[in-house]
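Let's take a walk through this assembly, going from one contact to the wider picture. Have the viewer open and follow along.

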Amino acid sequence: MTLPFAIIAGLTVGSAIAAMSLRNMVHCALSLVLTFAGLAGLYLQLNAEFVGFTQILVYVGAVSILIVFAILLTRSTEPKDEPATVTPWVGISVAVAAFLTMALAVLASPIGKRLAAPASEVSVKTLGQKLMTDYVLPLEVMALLLTAAMLGAVIIAMKDKEGSR
Amino acid sequence: MAELFAKLDALPVTLKHLLMGLLPGATPEWLVSVVSAVLTITPILAVFPLMFALTTVIERKGLGRIQNRIGPNRVGIPLTDIRLWGFGQFIADGIKSLIKEDVVPRAADKVVHFLAPIALLIPVLLTYSVLPFGKNMVPLDLPQTGLLFFFAVGASTELSVFMAGWSSRNKYSLLGAMRAIAQMVSYEIPLILSSLTVVMMAGTLSLTSIVEHQAGTHFGFLHNWHLFTPWGFVGFCLFLTAAAAEANRTPFDLPEAESEIIAGYFTEYSGFKFAIFFLAEYLGLFAMCGLGITLFLGGWLPPVNIAPFTWVPSWCWFLGKLSALIVLFIWLRGTLPRLRTDQLMGFAWKFLLPMTLINLVVAALWHMSGGAVHIGIRWVVGFAMLAIPYWLLGRGFEASVGKRVYRFAN
Amino acid sequence: MLGTGILRGMVETAKNFAGSYHDPERLTTVEYPEQRIAPKENARQFPFLVHDTEDPMKGLRCVACQICEKECPPQCIYIVKSKDKRADYKGQMQLYPVTFDIDLSVCMSCQICVEVCPFESIKMDTEFELSNTDRFGGLLVNKHQLAKSNEHYRKIHPTEAAVSDAALAVEVAKAQAKAKADVEAKAKAAAEAKAKAEAAAAAGPVGAVAPAPAPKPSSPAAATAAAPAA
C-alpha cells in the first residue's frame with residue numbers, strides 16, 4: 001500500500017461516510033461527489049486513465065449535477081433536527097450481507113491468485129473497437145434502454161394541452 | 001538564420017533544462033520531479049493570468065471603441081504623468097480586489113461558500129496541463145486520454161458553480177447557478193461532439209498528436225489545418241459557439257446577466273473571491289480557445305509552410321492565435337445582445353446538436369472517401385451536406401424564435 | 001438565413017471601432033479634467049448670495065426675511081437674523097443675515113429659493129466641482145463662501161442678470177422718486193405749517209383750537225418719510 005493510495009482511499013471512504021451521515025442533503029451530495037472523484041483517483045492509480053477520466057466526466061460532471069438538481073427540486077434542503085425514526089439495523093444488515101456476498105465472490109474468483117495482470121496496454125482504440133464489434137449488442141441494448149428512459153421522461157414532463165383530455 | 005529561430009523556438013524548453021541542470025547530482029528523485037513540475041507550472045501561472053489581466057483592459061477599451069467611447073485610458077505609472085494608454089488599470093483593479101473587505105452573508109453556508117471559488121479555479125487551471133503550447137511544450141502529455149482529460153476536468157467546474165450559487169443563500173445566486181448549470185450541461189454536448197470529429201480524423205485523443213496530424217501541407221504550402229475542410233470549418237464554428245456558452249460569454253451570458261440577476265452565481269462574493277471567479281471565467285475561456293486552436297487551427301503550427309512564417313517560434317503562433325480568438329470574443333461581446341433562456345436551450349438542442357451530428361457524418365464520409373474520390377467532389381458534397389441542413393435548421397430556429405415586434409421602435 | 005444578422009452586426013461594430021479612431025463625429029467623448037465644455041447658460045448647481053459692493057458682507061442683498069428658508073423643500077438653509085439694521089442698496093434700513101448656511105449635501109438644486117426671493121438676493125451658480133474632503137464642516141457652506149458679486153452673476157447668467165438688474169433699477173428709481181416726493185411733501189407741509197402758524201399768530205388766541213386738525217393731511221407722509229431716517 002503506497003502513500004498516494006492511502007490518501008485517496010482514506011478520502012474516498014471518509015467522504016462516503018460523510019455522504020451517509022451528514023444532515024444537510026446538499027452536503028451529502030457534495031461529499032458523494034468527493035467519493036466519485038476519489039474513485040476516479042483509484043482508477044488512475046491502477047493506470048486505467050480512460051476509465052478514471054470517464055468517471056470524472058460522467059459522475060463528477062453530470063451525475064452529481066443530476067443528484068443536486070433532484071435534491072433541490074424535490075425537497076427542502078434545510079436540515080431537520082429530529083433523529084431518523086427507522087432503526088438502522090435493517091439497513092446495516094442488508095449492507096453487511098451485500099458486502100459479504102461481494103467479498104466472497106471476489107475471494108472466490110481467480111483474480112487474487114493471478115500473479116501479474118496481463119501486461120498488454122489497453123488503448124482507447126482497442127476499447128472502442130471491442131465496443132463496436134464484440135460488445136455491440138450490449139451497447140445497442142443500453143442505447144435502446146436509455147432512449148426509452150428519455151422518452152419516458154419527456155412524456156412525464158410534457159404538459160397536457162388544454163382540452164386534450 | 002533558421003537555426004537561430006529554432007533555438008528561439010526551443011527557448012522555454014532549453015531554459016527549463018538549464019535550470020534543472022543546476023540541481024545538485026545527489027538530489028532525490030522525488031525532489032527532481034517536484035522541481036520539474038514547478039518549473040513547468042510557473043510559466044503557465046505567469047503567462048495566462050497576465051494575459052487575463054491585459055484582456056480585461058483590452059476588452060474594456062475595445063468595447064468602448066465599439067460603443068464610440070474611449071474606454072479606460074487614465075491609470076498608468078503612479079505619481080507620474082505616464083499613462084500607458086490605461087494599461088496600468090489591471091494593477092489598480094488587482095490591488096483593489098485584494099484589499100477589499102471579504103463579505104460573507106450571515107446566512108451563507110460558510111464552508112461551501114469558501115470552497116466554491118477554489119473548486120472552480122483548480123479544474124480550470126488543470127485544463128491547461130494538456131494543452132500543447134508549442135513544439136515539445138505540453139506540460140502533461142497524455143497519449144491515450146488528453147482530450148478526455150480536458151473535458152472531464154472542465155466538466156467538474158459545473159459543480160463549483162452550483163456550490164457558489166447554493167451556498168450564498170441568495171435567490172439571484174441560485175438562479176444564476178441554475179441557469180449556468182443548465183447552460184453548461186446543454187452546451188457540453190455540442191462542444192464534445194464537435195471536437196469528436198477531430199478525434200475521428202486524427203484517430204487519437206492526444207492533443208499533441210492532433211496538432212502533428214495537421215502538419216501536412218495542401219498544395220505544397222498551406223498547412224493541413226482541420227479548419228480548411230468543410231467539416232473542420234463547420235466544426236470550428238460549432239465549437240466556438242459552444243465554447244462561448246461554456247465560458248458564459250455574451251451572447252450566452254445569462255448566468256451572470258447583470259440586468260436580471262445582478263452577477264448570477266457570484267453575486268454574494270466580494271474582494272478577492274470575486275476576483276478569483278473573474279479570473280477562472282477568463283482562464284476557462286482561454287483554455288477553450290486553446291483547445292479550439294489545438295483541434296482546428298493547427299495548434300502551434302504556422303498557417304503556411306514558408307520560410308518567414310516557419311521562423312516565428314511555435315509558442316508565438318499559439319499565443320497569437322489565442323489573442324486573435326480573444327479579440328473575436330470581445331468583438332462578439334460588443335455586437336450581440338443576450339439570448340433568452342428558452343432561445344438558449346432551443347439553440348443548443350434544436351440547432352447545435354443536429355448540426356454536430358450531421359458534421360460527424362460528413363467527417364466520417366470525408367475520412368472514408370480519402371484518396372478514392374477527387375478532392376473537389378469531396379468538397380462540394382461535404383459543403384452541400386452541411387450547408388443545406390444549416391439553412392433548413394436555421395430557418396426552423398428563426399421561425400421558432402419569431403420576428404421581434406417592437407412597440408415603439410418601429 | 002441564420003447568422004447573416006450576426007455578421008451584419010459585426011460589420012457595424014467594426015465600423016464603429018475603426019471610426020472612433022479617425023472620425024471625431026463618432027467619438028464625442030470630452031476628456032473632462034483636461035477638456036471642458038463651457039457650461040450652458042441655464043445650468044444650475046448650487047445657490048449663491050449676490051452682493052453689490054466691494055465688501056461682500058456689507059453689500060449682501062439678503063435681508064434675512066427667511067422666505068427661502070421656509071420654502072426650501074429639503075430644508076437645507078439656515079438663517080439667523082441680525083438685531084440691528086443697515087441700509088440696503090436702496091438706502092432703506094433693513095435687517096441682514098448674521099448666519100446664512102446652506103447644507104451642500106442636502107441641497108437638491110431645485111432653485112425654489114431663487115424663485116421665492118423678493119430681493120433678487122439668492123441666485124443659482126454654475127459651479128459644479130463642489131466635492132470636498134471634509135465631509136462634515138466642508139459641506140456646510142457659510143455666507144462668506146456663498147457671497148458672490150453681481151458681476152459674477154452677470155457673467156454666468158447674462159440674460160437672467162439683465163432682467164434682475166432691470167427690476168432692481170425700477171425699484172431703486174421708485175424709491176428715489178418716493179424719497180424725492182417725500183422731501184417735497186415734507187417741504188410743502190413745513191411751509192404750510194409755517195404759514196398756518198403765522199396766520200394763527202396773526203388771528204390771536206381765538207384760533208387756539210384750530211391748529212390741531214391742520215397738520216392731519218401731511219402727517220402720514222411725514223411719518224413714513226421719518227421712519228427710514230430714524
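Start with a charged pair: B:Arg74 makes a salt bridge to C:Glu34, with 3.1 Å between the closest N and O atoms. Keep in mind that this is a predicted model. On the chain B side of this interface, the elements giving two or more residues are helix H3 (29-66), helix H14 (314-335), helix H15 (341-368) and helix H16 (375-401) of chain B. Sort the chain B residues that touch chain C by type and you get 11 nonpolar, 6 polar and 5 charged.

Now zoom out to the whole B–C interface. Here 22 residues of chain B meet 19 residues of chain C. Together they bury about 1800 Å², and carbon and sulfur atoms account for 62% of that. Between these two chains there are 2 salt bridges, and 9 residue pairs are in polar contact, counting pairs with both residues at pLDDT 80 or more.

For a close look at the chain C side, find C:Asn16, which sits in helix H1 (residues 4-22) of chain C. Is C:Asn16 buried or exposed? Its relative accessibility is 15%, so C:Asn16 counts as buried, the cut-off being under 20%. The side chain of C:Asn16 reaches across to the backbone oxygen of B:Ile66 at 2.9 Å. Leaving aside residues up to four places away in sequence, C:Asn16 touches B:Arg65, B:Ile66, B:Asn68 and C:Arg26.

While you're on chain C, have a look at its sheet. It's an open one with 3 strands in the order S2-S5-S7, paired antiparallel. Strand S2 (77-81) and strand S7 (140-141) of chain C are the edges, each pairing on one side only. S2 and strand S5 (residues 97-103) of chain C run antiparallel and are joined by 5 bridges. To see one of the partnerships, pick C:Val80, whose bridge partner in S5 is C:Thr99.

Next, swing over to where chain B meets chain A. There, 23 residues of chain B are in contact with 24 residues of chain A. The buried area is about 2100 Å², with 78% from carbon and sulfur atoms. Of the area chain B buries here, B:Gln144, B:Leu159 and B:Trp166 supply 27%, more than any other three residues.

How many salt bridges are there between chain B and chain A? The count is 0, and 2 residue pairs are in polar contact, both residues at pLDDT 80 or more. Helix H6 (146-155), helix H7 (157-167) and helix H8 (171-202) of chain B each give two or more residues to the side that touches chain A. That side divides into 16 nonpolar, 4 polar and 3 charged residues.

Conventions:
Residues numbered from 1 in each chain as written. Chains lettered and ligands numbered in written order. Predicted model: local features only at pLDDT ≥ 70, side-chain atom pairs only at ≥ 80, totals over all residues. Heavy atoms only, no water. Pairing = 2+ DSSP bridges. Helix = DSSP H or I, 4+ residues; strand = E, 2+ residues; numbered from the N terminus. Contact = heavy atoms within 4.5 Å. Buried area = accessible area lost by both parts, 1.4 Å probe. Salt bridge = Lys/Arg side-chain N within 4 Å of Asp/Glu carboxyl O. Polar contact = N/O pair within 3.5 Å; in protein donor to acceptor, adjacent residues only side chain to side chain. Nonpolar A, V, L, I, M, F, W, Y, C, P; charged D, E, K, R; others polar. Buried < 20%, exposed > 50% of the residue type's maximum accessible area, 1.4 Å probe, protein only.
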